[in-house]
Amino acid sequence: MDEKLLDIQDLSVWYKTYRGFAEVVDHINLYVGKGEKIGLVGESGCGKTTTMKMVMRTLDERGIKVGEGSKLLFGGEDILAMDAKALLDLRRRKISMISQSPMAALNPVFTIGQQMMDVLKYSGQFDKHDKKGMLDAARKAIDSVMIPDPDRILNSYPHQLSGGMRQRICIATSLLTPRQLLIADEPGTALDVTVQGQIHKLLRRLVEEEKRSLIMITHSLGVVRELVDRIYVMYAGNIVENCDTAELFKNPLHPYTQGLLACVPRLTGGGISAGIYGYIPSYVNPPKGCRFFNRCPHCTERCKQEKPGTYMAAENHAVSCFLYEDKGPAKERGDGHVE
Amino acid sequence: MSNELLTLKNLKQYFPVGKDRFVRAVDGVDLTINHGDVMGLVGESGSGKSTIAYTVMGMYGMTGGEIDFEGEVFTKETKRKRSMKFRREAQIVFQDPGSSLNPYQDVRSILSLPLKVHKVVPKNEIDDKILEILEMVELPADFMYKSPNSIGGGEKQLVSIARALCCNPKFIILDEPTSSLDVSIQAKIINMLIKLKKEQNLTYMFITHDMGVMRNVSNRVAIMYLGKICEIAPTETFYRNPLHPYTQMLLSSIPVVSEEDETIKPKAVECVGEIPSPVNVPTGCSFHTRCPYKCERCTKEDPVMREVEPGHTVRCHLIDK
Amino acid sequence: GDPADAQTGDGTRPSIIRFSADSTPKIDPAVITDLVGSVCVENLYDNLTYPDETPNLATDWEASPDGLEYTFHLKEGVKFHSGNDLTASDVVFSFNRFKTIGQGFAYLFDTVEECVADDDYTVRFVLAEPLGSFMGIIWHLYILDEETVMANIVDDGTYGEYGDYAMAWLLDNDAGSGPYTATEMVHSDYFLASRFPDWHMGWEGRENAPEQFQAIYLTEPSTQQTMMANQELEISSPWFAPENYEALDEIEGVELAFTTWACTQYIFFNTQAAPTDDLNYRKALSCLLDYESFLGPVFYGAERSVGPVSSAINGHNDSCTTYNYDIEQAKEYLAQSRYADTYQDIELECFLLDSAPALEKMMLSLQANCAQVGITMNIRKGPWLTYQEQISNPDSAPNVSTCNITPSVNDAASVMRTLFGSATQGTFENPTWVSTPELDERLDTAVTILDTDERNAAAMELQDYVMAELCASAPVADMANPYAYQSTYIDWPVADYYNETGELKYYALGMDMYMPDISIYTDR
Amino acid sequence: MLRYILKRLLQGVFVLIGVSIVIFCLSRIIPGDPARLALGQHATQEAVDNLSKQMYLDKPLPVQYILWFRDVLHGDFGISLSTRRSVTEDMKQLLPATFELIFWSALFMVGGSLILGRAAARHRDGILDSIIRVFSYIGIAVPSFVVAIVLLVIFGNLWQVIPTLGRLSTGVAPPDTITGFYVLDALVQGQFSTAWDAFLHLLLPAFALSLGGMFQDARLMRSALTDNMGKEYMCVSRSYGLPEKVLMNRYLFKPSSTSVITVMGMDIASMVGNAFMVEQVFNWPGFSKYGANAMITKDLNSVCAVVLVIGATFLVVNLIVDVINAMVDPRIRLGGDL
Amino acid sequence: MDAAKKKKGFLKPSTRENFCIYWYNFRSNKLSMVGLAIVVISLIFAIFAPYVAPFPEHAGAYVDLANAGVAPNATFWFGTDVTGRDILSRVIFGFRGALKMAVVVLAISVPVGTFLGLLAGYYHHTWVDTVIMRMTDIFLALPSLVLAMTIASLMEPNMTNTMIAVTLSWWPWYTRLVYSMATGYSKEYFIKNAELVGASRAHILFKELLPNCLSPVLTKMALDVGWVILLGASLSFIGLGEQPPTPSFGTMISEGSTYMPDYWWMTAFPALAIVFVILGFNFLGDGIRDMLDRGKQ
Ligand SMILES: Nc1ncnc2c1ncn2[C@@H]1O[C@H](COP(=O)(O)OP(=O)(O)OP(=O)(O)O)[C@@H](O)[C@H]1O
Ligand SMILES: Nc1ncnc2c1ncn2[C@@H]1O[C@H](COP(=O)(O)OP(=O)(O)OP(=O)(O)O)[C@@H](O)[C@H]1O
Ligand SMILES: [Mg+2]
Ligand SMILES: [Mg+2]
C-alpha cells in the first residue's frame, strides 16, 4: 500500500446557522494515497464541498465549528494546526482545488490575466519582476487546457467567456504551479455533456501526466466510474461506503449506494427503478441513529436509535450499515479505511 | 393522418440582439408529434429546445413557420394568441421548479388558478378537484396549504406537474423536468410521468439533455443542434444506430455505470469544441466546426433532412455518400 | 479693496462698522424701501436736506405761498465720487430717474409734477396740488451723478434713450456724493463701503468715523450672537426676539440701545368680510388683546400705542380713543354686534407672517382670549408674498392680520392717509378695506393743509375718528428698535442718547446708522 | 465607453428638459402677478408692466416656456426678482461656494466611509464595528441641520478652536477667482495661509453635511465587503494561496465598491438638498441659501434656475458614478450578465 | 370543502402559527424590539397625546408669558418655550403631526408608486414602461428635499400642501423599487405559466406579481416613516409646514435654534424626539427586513 498523502481522520464540521449548529460533516475518515485518484460521491448537500473546503481551510472560520479530535493530515502535518504561513505554503504548492461553480469562481472585475498573474506572483515560483516568465507560464497553462488564443483569453473578463472556458481556466489556474493533490469539485456539472466529457478527460490526463493525486467530487456515479480508482460514498455528512471502483459497481452493499445505482437511467433501457424518494435529514437536529433510516427499505428500530459502525463487509470494502455487522469486524476510529 | 397532434412546419424563432443581428434560437424546425407519443427532444444547452416549447405555447410571437395543433393553425400572423381550447389542452412544465411556483401562494391557490380560468369544475368543487389531482401525483392532501418555500425540489416539480394536469390536458411539454434534481428524486418523477401518461392518455414533448432518461421515457427522439434538428428516429433505432456525427458524439460522452451501457456508446468519435454562439451560426452545416468527418461540402452547403429508413431522418451529407 | 485694507498690521482693530443685513442690500436709491438699503443709500448718496430738514446739498430753500413750487439752492463745489461736480442738472436727472422707474419711495412723489433746473445751482419742484409734508419727503430723493449713470447704462433697456437707467450697474456700484463709496458688493454675502475723502461735509471733527462699513447678510440670531461674542460684528440686527437681546446683552462689551423709526405694530381687521365687518365685533376683538403684557416679551422696549399714529410722529394725538384689555367689555361689544348669536360658529381667519416669530406670542394670546369668549380663531402662518397677495382682495384678505408699519414721512396727516386712504387700499399699509369716499376726502384735505399746526389738528381729529367710529385696526405698540452693539469700542450717538435719557429717539429710516456720526476706537 | 457616456448624457438632457417643463409650469401657475409681488404695491403700473414683459408673463404659458428655454440655452435665466440681478450672475458667484462645500463633504464622506467600512469589515463584530453601527444609526436619525446647530454651538460658543461662520475669517482676502474653490485657488496662487483659513472654515459645515452619509456608507461598505467575503471567488482566490492583504485590498475591495459607489452618488447628490439648511446655519454664502431664499420669496426665475442647476448637478454626479462603476465593473462597461 | 378537509384529517395551518414564526424571528433581534417599543411609544403619544401630555392645553393657543423660557424643572420637565408653553407637552403632540404626515404620505405614495412600478415592470420594454419610467426619472432627477421644498414653496404653505409636496417626491422611489423587482419576476416561470393558462392581467399583476414585490416595499415603508418625518421636519425647519399653534418638530427646532445656546432646551428636546422616532422606525424597518429575509429561508 502506498503512502497516504492526505489523511482525514474523524472530521466533523458544524456550520453556525441561526437555527443552531448544523453538523454537515459527521466524523468522516478518508484518505488519498500518493498518485491515487479517489472519488467522493453523494447527492447534493451531503457535505462534499464542505469537507474539501475544510482541507483547504477556506471556510470562514467564524461561521464554523470543527469537532474535537478532527485531524487533517497532509504529508503527516495537521492542516488544522497550521499557522497562516504554513497554510499559504500548503495552498501555494501542495494542494489546489477546482471550484464547483465556474461561473462564480472567477473574480468578475479582473481579467483572467490579472488573476493568473497574481496567483503566479505569490506562488513563490517566480521573481516578482519576472513578468515575462509569469506570462509564459500563464499562456502555457491555458494551452494545456486546450484553449486557443491564450493572449486574448488573458485579456478577457470572466463574463466574456463561456462556461466551458471558465471551467478550463479554473483548472488551468489551479495547475499553474505544480501540486501534489488536486481536488476537483464537480468540474463540469454546470456544463453540457459533450464539454463535461472533455473536461474529465483533460483532468485525467493532467493528473496522470504529473502523477498527482486526485479527489474527484461528484454526484454522478458514471463520472467516478470512468475516472477514479477508489470511491467514497457520502450521505448526509457520513461516509457510508468505501471500496474500489470496480467492486462498488459490481457489489454495492449499502442500501443507499444500491438505491443510487438503481436509479441511474440506463442507455440499454428497461425502465428506471423506483429510486429513493425523500430528502436528506436536517443537519441541525440530525437523527440519532443512522442518517439514512428514513429513506432506507431495510430500516429497523435499531437504525433509528443507534449509529452504525463501519464494517468490513469484504476485503477492501467498508460499509456503514447494520446489515453487514456480522459480515466483518467493526473498525476502530482511524481503521475505517481500506488498508 | 388524423393521428397527428402537433405539427411544426419550418418553425423559426429569432431574437434580435442589437442592430440587424439575431439569435437564431430556432431556425427552421419540422416536427410531428402523434397522439400518444413521447417525443424526446435532446440537445446541448442553448440549442433551442426550450425556445421551441415556448414558441409552441405562445410565449413568443414566432418569426416564421406554422404550428398546427389538432387542426388549429398558428402562424406569425396569429402572434401570441392561443385559443382557450389550446390553453386548456396544451400545458407546460418548466425547467426550474424553483421559479415555476409563486413563492407567495400556497399549493391550493397555485392549483386553483387553471381550474378557475378554464372553469373545469364548479367553484365549490375546486377543493375536491385539487385533492384528486394531488392524489394523482401521489402528494399527501396536507400539501394543499403548503407554500412552495417549505417543500423540496422534487415535490415542487410534482406540484408543477399537478398544475399541468388540472385542466385534463391532452398534451404536455416537459422542459427538462428533472435536470435540477438529484438522480434519486429524478427516478420518482420520471416514473410518475410514465404512469400519468398511461392513465390520462397524454402526449408528451419531453425535453432533456440526458440521453439515459430519454432512452427510458420516449418512443421517438429528436436531436437538436444550434436551432436545427439533426436527427429524428424511433428510440430503439436511435440507440441502436445513431447516424449523425453529433448524435454519436452525444452518446459517446455519457458517463455510464455499467458495462452493458458501455457497449452502446459509439467509440469512433471524440468530443471536441463547444457549441458556437447562435448569433454567429457557422455557414454550411452548422456542426462542421466540431465534426470529425467534415469535408469541403459541409462548410458550404447546409444539408437537408433525409429519411434513411421509415421514421428515421438525418440531416447530414454523409448519408448521401 | 476689501476689509483687509482697513486692517492695521499691528493687531489693532480695523476701523470698520459691521452690521447685520437681512438680505444683500440694494444700493440703488430708486428701488430701496428696506432698512439696510436705506442705511447704505443714506451713507453713499446725499439728499437735498437731511430727514430732519437740516441742509445737506441744498443750502437754503423756499416754498411758493400756494405750496405748489419749492425752490432749492445747491451748495457749490460738491464732488461726486467720480470727481464730477454736482449741479442742478444732476438733481433733475435724479428726479426723473426716480419717477420713471417708479419703484421704491417714488410713490411719495406722485403729486410732484416736475423738477426744473433754473440755473446750475437752483432747482425748482412743481407740484400738482399742495402737499403739506413736502419738506418731509424731499430727503427721499437722492442725487445721482448723471454722467456716471449714463456711462453705465445697458442699451436695450426699457427706458428708451436711458437704456435700463443703469439699474443693473447701480446694484453693485454707486454714483453718489455721500460720505462713503461702494467698495465691494458680494451678493448674498456682504456689501462693503469705504470713506470718500472728498465728501462735501468734510471729515474734520469726524476723524474717528469708521474707515469702512460692511453690511453682512446674516439671518440666524445664533450666528450673530457668535459673531458679536467674537467681535466680528459691531451692530446687530434690530429684528430679534427679546430673548435674543437678553442673551446678547450678557456678552461682555455688548450693550443694547433702543431707537424708534416710529414703527407701529397693528392688528388689522378686514372690514369687508364677516364677522369683522361689524364695528362692535371689531371693538370686541380690540378688547381681547392684552396690550400691556406684550410690551416686554413681544415688543422689546416698546410703548403702548395710543391711536393709529406713533407718538414719535408730528401730529400724534395723545388723547385718542383707545381700547383696553377687558374681556367683560368684549362680551358686551359682542352682544351688541350683528353676530351676537352666531359668533361662536364663525371661525376667524388670522394670518401671521412667518418672518417674525415673536408676533406669534401675540397672536396666540389673542387666540387664547378669543377662545375664552367662545370665538374660534385659526392662525395661518405664511410668507410676506402670500400675505400681500391675500390682502390685495377683500374676499381673500384674512379677518385678522398683523403687521408693523414704518412711516416714510414724519407727518401724521400723511401717515393717516397712507393707513386709511383708498389709494393704498389693499396694500400692506392699508389691508382693512375700510376706505370710503368721505374718509378719503377728509384725508386728502388734511394732507394739503400747508400750515403744520392746522394740518396736525386735522390729523388728530382723524385719528380719534378712525379709532372710535371705524376701529379698523388695533394699534398695539409703538415699536422700539433694539440694537446690540459693541459699546467698548464704538461711540454711537444713537446709543448714547438712549443711555442718557432712557427715551426712544425718532430716526428716519437709515439715519440711525449714519456712519459719519459714529466713532470707532481701534485701540480700545 | 465614450458611447456609453454620451448615451447617458443624452438621456440626462432629456430628463433635464422634463424637469424644466415641470418646474416652469409649476412656478407659473401659482396665483398672483409675480411682477407686482416683486416690485411691491407702491410701484407704478408701468414699472410692473415692464417687468412682466421682461419675464414674458404677457404671453401664453407654452410660449413663455419656449422663450424662457431659449434664453436658458443662451445661459440667461432671467432677472432675479429679489436681488434684481441676472440670475446667471448670481449663480456664477454662489455656485462655487456650494460646490466647494459639497466637494469637501463628498471627500470626507467617501474617504471616511471607505476607511471606516473597511476597518469594520476587518474587525467584524469587534468594538469598532459596534461603534460604527451605533454611529450609522445616529447618522441616519440625526438631521444634518441638528448636527449643524450642535456643531455651531460647540465650536462657536463653547470651544472656539475652529471658525464657524462664512468662508473666510474677516480680514482674510479671498484669492483671485480661478475655480471659485477658495482652498484650491489659494493653493494655486501660493497663498497658503488663506488656503488653510478657507479649509478651517470648510471643516464644520462639510462635516455636518457628510456625517450621516459617512457612517451609513461605512456600514454599507462593511456589509458589501462581508457579503463578498463569502463569495466563491474569494474562497477560490484564497485557495490559490494569495495573501490576506491582497485578497482584502484587491480581490474583495473592487467588486464590493460598485454597490457602495451608487449609494454614495445618491448621498452626494442629496447633500445639495441638505446644504440648504447647513448653509443657513453656518452662514455659508452659497447657492443653497440663495435657493431657499428664492423659494420662500417666490423668486420664480431663481427657483427655476436653482432647481435646474440642482437637477444638472444630480445628473452629473450620477453620470460620474456610472462612469466610475463602469470603470470598476467590466460587466457594465462591456455589457454582459450581471 | 370543509368536509373534504375533515375527511382527510388536516386543517389549514393557522395564520397564527405563521405569525408566531415571524414574531420569533423578529424578537430574536434586540434592536428591532427596541425599535418596536419606540414605535409603540410614538404611536401612544400620537394617539393619546391629550391624555399623556402633562399640559395638553399647551399644544394649542396658550400663552403664559410669566413662565416663558423656563429651564427644565420639576413642573416643566423639558422647560418651556418663549411663549411659556411646556416643551414636553408640545413634543408629545409633535408626534401626532409627524406620524400623521408619514401615514398620509405613505398611504398615498406607496400604492400609487407600487402600482405604477408593477405596470411598468410587467409591460417591460413597451410604451407603458417608457412613459412611467421617464416620468419617474424626472421626479427622481432632484433630491427629494429640493423637490418637496420647491413644490411646497410654490403652493401656499400649510400642512396639506406640504404633504402633497412630500407625496409627489416620494412615489417614484416605490415605482423604481417595484419596477426593478417586477421586471425580474415577470421573467419567472410562474408568471409565464399564469399567462399561458390564460389568467387575466389583473390576476397576474395583483395576485402573482404584487405579493412577491411586497416585502421590500413593506421594509422600505417602515424605514420611510422615519425619512418622511425627517423630510417633514426639514421642510418645517425652513418654514414650510405645520401652522401654529400646532406643534411640529421642525418648527420647534427652527424656532428654538434662534435662541441657541441660552435656551438650549427649546431645540434639544424636539431634536431628540426626531432622533427618537427616526431611530425607532429604522430599527423596526431593519428588524422587519431581517424577519422577512429569514422567513424566506
Ligand atoms: N455557509 C454555510 N452556512 C450554513 N450551512 C451551509 C453553508 N454552506 C453549506 N451549508 C449547508 O451544508 C450542507 C452541505 O453543503 P455542501 O456544499 O458541502 O454540499 P455538497 O455535497 O457540496 O453539495 P452539492 O453537490 O450541491 O455541491 C448543505 O445542506 C448546505 O445547505
Ligand atoms: N428571450 C430571448 N431573447 C434573446 N435570446 C434568447 C431568448 N430566449 C432564448 N434565447 C437564446 O436562444 C438560444 C436558445 O435558447 P433555449 O433556451 O431555447 O436553449 P435550450 O436548448 O433550452 O438550453 P438549456 O438546455 O440551457 O435550457 C440561446 O442562445 C439563448 O441565449
Ligand atoms: Mg458542492
Ligand atoms: Mg431550456
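Which side chains meet in a salt bridge at 2.7 Å, N to O? Arg225(A) and Glu262(B) do. Keep in mind, as we go, that this is a predicted model.

Okay, so let's stay with that boundary for a bit. For chain B against chain A, the rule finds three salt bridges in total, and the pair I just named, Arg225(A) with Glu262(B), is one across these two chains. On top of that, there are 18 residue pairs in polar contact between chain B and chain A, counting pairs where both residues are at pLDDT 80 or more.

Which elements of chain B do the touching? Those that give two or more residues to the side facing chain A are α6 (153-165), α7 (183-200), α8 (211-217), α10 (245-252) and α11 (259-264). The largest share comes from α7(B), with eight residues. And if you sort that side of chain B by residue type, you get 18 nonpolar, 13 polar and 13 charged.

Now the extent of the thing. In terms of residues, 44 from chain B are in contact with 39 from chain A. People often give the size of an interface as the accessible area lost when the parts come together. Here the area buried between chain B and chain A comes to about 3400 Å², and carbon and sulfur atoms give 57% of that. Three residues to look at on the screen are Asn216(B), Val257(B) and Glu274(B): together they supply 20% of the area that chain B buries against chain A, more than any other three residues.

Next, the inside. The largest nonpolar core has 305 residues, and the members touching the most other members are Ile79(A), Ile183(A) and Leu221(A). The biggest giver to this core is in chain D, though: helix α11 (residues 244-282) puts in 18 residues.

Let me zoom in on Leu221(A). Beyond its neighbours within four places in sequence, Leu221(A) is in contact with Val41(A), Leu248(A), Phe249(A), Leu260(A), Leu261(A) and Val264(A), and also with Val257(B). That's the Val257(B) from the top three in buried area. Apart from this core there's another one, of 90 residues, including Ala30(C), Cys40(C), Ala193(C) and Tyr514(C).

Last stop, chain D. Is Asn301(D) buried or exposed? Buried, with a relative accessible area of 4%. Asn301(D) sits in helix α13 (residues 300-328). Not counting residues up to four places away in sequence, Asn301(D) touches Arg28(D), Met55(D), Trp68(D), Phe77(D), Gly78(D), Ile79(D) and Val87(D).

That's my tour, thanks.

Methods: Residues are numbered from 1 along each chain as its sequence is written. Chains are lettered from A and ligands numbered from 1 in the order in which they are written. This is a predicted model: local features need pLDDT of at least 70, side-chain atom pairs count only at pLDDT 80 or more; totals for chains, interfaces and linings use all residues. Side-chain values use heavy atoms; hydrogens and water are left out. Contact means heavy atoms within 4.5 Å. Buried area is the accessible area (1.4 Å probe) that two parts lose on being put together, summed over both. A salt bridge is a side-chain nitrogen of Lys or Arg within 4 Å of a carboxyl oxygen of Asp or Glu. A polar contact is a pair of N or O atoms within 3.5 Å; within protein, one must be able to donate a hydrogen and the other to accept it, and residues adjacent in sequence count only if both atoms are side-chain atoms. Helices (H or I, at least four residues) and strands (E, at least two) are DSSP runs, numbered from the N terminus. Ala, Val, Leu, Ile, Met, Phe, Trp, Tyr, Cys and Pro count as nonpolar, Asp, Glu, Lys and Arg as charged, and the others, Gly among them, as polar. A nonpolar core is a set of buried Ala, Val, Leu, Ile, Met, Phe, Trp, Tyr and Cys residues joined through side-chain atoms within 4.5 Å. Buried means under 20% relative accessible area, exposed over 50%, partly exposed in between (1.4 Å probe, protein chains only).
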